[in-house]
Amino acid sequence: MREVFSLASLAGIAILLLSAQVAPGIKAAKERGKKVYDANCLTCHMEDGLGVPRLNPPLAGDKVVKGDKKKLITVLLKGLDANTEIDGEYYNNVMAPHDFLKDQEIADVLTYVRNSFGNKGSMVTVH
């Protein structure tokens, strides 16, 4: 019985240590990402991530934001054309490519967006 308890305790401690290591990484990425967002995204997608109806799509609750990271990275790097349909709504502003951002800035801003505005997603990292 003691053996089972101590193994369970060790497993619990290991999980706490791992989560403690991951949490600061996400927190730091979000802090850096907010700066990138404020400088490059806020004007169109707004402070609350809700965008502007029929002009700029919302980031809050968006399936692309919460979905495949590669697709999200592609949108950021290549932009979007005017009259883009997202979830049955059309948005008429062009999103310019943001390929001028450094890899770490891209990872940070996408981590911020994936974990803000009610979104909950995994971190985007540079490989």
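Q: By class, how many nonpolar residues are in the lining of the largest pocket?
A: Happy to start here: the lining holds 6 polar residues (Gly and others outside the two named classes) and 5 charged ones (Asp, Glu, Lys, Arg). The nonpolar class (Ala, Val, Leu, Ile, Met, Phe, Trp, Tyr, Cys, Pro) has 21. This is a predicted model, in which local features need pLDDT of at least 70 and side-chain atom pairs pLDDT 80 or more, while totals for chains, interfaces and linings use all residues. Residues are numbered from 1 along each chain, side-chain values use heavy atoms without hydrogens or water, and the nonpolar count in this lining is 21.

Q: How much space lies in the largest pocket, and which residues are closest to its centre?
A: A pocket is an open set of 1 Å grid points that fit a 1.4 Å probe, with protein on both sides within 12 Å along at least five of seven lines; lining residues have an atom within 4 Å of a point. The largest pocket has about 510 Å³ of space. Of its 32 lining residues, the closest to the centre are His-45, Leu-59, Val-75, Leu-80 and Met-95.

Q: Which helix gives the most to the lining of the largest pocket?
A: Elements giving two or more residues include helix H1 (2-40), strand S1 (84-86) and helix H5 (103-114). With 4 residues, the top contributor is H4.

Q: Which helices each supply at least two residues of the lining of the second largest pocket?
A: This pocket has about 240 Å³ of space. Its lining includes Lys-69, Ile-73, Asp-103, Ile-106 and His-127. The helices asked for are H4 and H5.

Note on methods: Grid points are joined across faces, edges and corners, and a volume is the space filled by probe spheres set on the points.
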